[in-house]
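Open the model in your viewer and keep the selection box handy. We will go from strand to strand, with a stop at a cavity along the way.

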Amino acid sequence: MALTKVRESGYDLTTAKLPSGSVIQVVSHSITSGASTGSSSAVALVTLGSITTTRLNSKIIVSSTLPTQISTASNGRGVFGLRSSVDSYSSSLETHVSVNYAEGSNGWVQLDNNFFALHNPSQASGTTITYKMYASANQGSNAVYMLDSWGQSTNHAVVLQEIVG
């Protein structure tokens, strides 16, 4: 439930009186399964969740710890992006790149698993915004993964916070 009014000794503090950056709503849950793609075009892999705004022009802080994975069998690059329903998932709010460079004894792997974005959707109160993670196998012939748990139980946090704009 979103914070709309705090009552203390007969004094009402509404969200209209809160300073910019004040948290007015938090939605959190866990992601326990993911997906993969070998497509060179961005594909939705994981839905992070939704939040319904309680105030005009509020901002949303989106944070997630979903791990990314790319094969080390050969050179490869995966592009992972956080997108929202506000623009029909057409652009990324934040983009991360995972890379495997398999050059003999000098190879390296770059992975990322923390997504943290401040979204300024400029929406009316009561607008439901859904966030999804997209990915593409940008280089190489192997698939890229988001939350491949190798048959183990996993629990990765997603937190959506609505703040005063």
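Start by selecting I60 and H119: I60 stands opposite H119 in β11. This is a predicted model, so local features need pLDDT of at least 70 and side-chain atom pairs count only at pLDDT 80 or more, while totals for chains, interfaces and linings use all residues. Residues are numbered from 1 along each chain as its sequence is written, and side-chain values use heavy atoms, with hydrogens and water left out.

**Stop 1: β6 and its two partners**

Now widen the selection to strand β6, residues 59-64, and strand β11, residues 115-119. Strands here, like helices, are DSSP runs numbered from the N terminus (strands are E, at least two residues; helices are H or I, at least four). Five bridges join β6 to β11, and the two run antiparallel. Two strands count as paired if DSSP finds at least two bridges between them. Further along, pick S63, which stands opposite F116 in β11.

Next, add strand β14, residues 156-163, which also runs antiparallel to β6 and is joined to it by six bridges. To see one of these facing pairs, select I61 and Q161 of β14.

How much of β6 is covered? Five of its six residues are buried, where buried means under 20% relative accessible area, exposed over 50%, and partly exposed in between (1.4 Å probe, protein chains only).

In a regular strand the side chains alternate between the two faces of the sheet. Colour β11 by face to look at its two sides: F115, A117 and H119 make up the covered face, and F116 and L118 the uncovered one.

**Stop 2: S64**

Stay in β6 and select S64. S64 counts as buried because its relative accessible area is 3%. Its side chain reaches the backbone nitrogen of L66 at 3.2 Å. That is a polar contact, meaning a pair of N or O atoms within 3.5 Å; within protein, one must be able to donate a hydrogen and the other to accept it, and residues adjacent in sequence count only if both atoms are side-chain atoms. Beyond its neighbours within four places in sequence, S64 is in contact (heavy atoms within 4.5 Å) with L48, N113, N114, F115, A157 and V158.

**Stop 3: L147**

Move to L147, in the loop between β13 and β14. Is this residue buried or exposed? L147 is buried, because its relative accessible area is 5%. Show its surroundings: leaving out neighbours within four places in sequence, L147 is in contact with I31, T32, S33, G34, L66, P67, T154 and H156. For a distance to draw, try the C-alpha atoms of L147 and N113, which are 34 residues apart along the chain and separated by 9.2 Å.

**Stop 4: the three-stranded sheet**

Select β4, β13 and β7, which form an open sheet in that order with antiparallel pairing. The edge strands, each pairing on one side only, are β4 (35-37) and β7 (68-70). From one strand to the next, the twist averages 20°; the axes are lines fitted to C-alpha atoms (for helices, over the stretch in contact), and angles run from 0 to 180 degrees between N-to-C directions. Zoom in on β7 and β13 (residues 144-146), which pair over three bridges, and find I70 with its bridge partner V144 in β13.

**Stop 5: the cavity**

I70 leads on to the cavity, as one of the residues that line it. A search of the whole structure finds one cavity of 30 Å³ or more. The largest cavity has a volume of about 40 Å³. To display its lining, select I70, S71, S74, N75, G76, R77, Q139, G140, S141, N142 and A143. On a 1 Å grid over the protein atoms alone, a cavity is a set of points where a 1.4 Å probe fits but cannot get out, and lining residues have an atom within 4 Å of a point. Grid points are joined across faces, edges and corners, and the volume is the space filled by probe spheres set on the points.

**Stop 6: the five-stranded sheet and T130**

Select β5, β12, β8, β9 and β10, an open antiparallel sheet in that order. Its edge strands are β5 (43-52) and β10 (108-110), and its twist averages 15° from one strand to the next. Strands β8 (residues 76-84) and β9 (residues 92-101) pair over eight bridges, with V79 opposite V97 in β9.

Finish on T130 in strand β12, residues 128-139. T130 counts as buried because its relative accessibility is 16%. A polar contact of 2.6 Å joins its side chain to that of S50. S50 is also among the sequence-distant contacts of T130, including T47, G49 and Y89.

Definitions and conventions
On a 1 Å grid over the protein atoms alone, a cavity is a set of points where a 1.4 Å probe fits but cannot get out, and a pocket is an open set with protein on both sides within 12 Å along at least five of seven lines; lining residues have an atom within 4 Å of a point.
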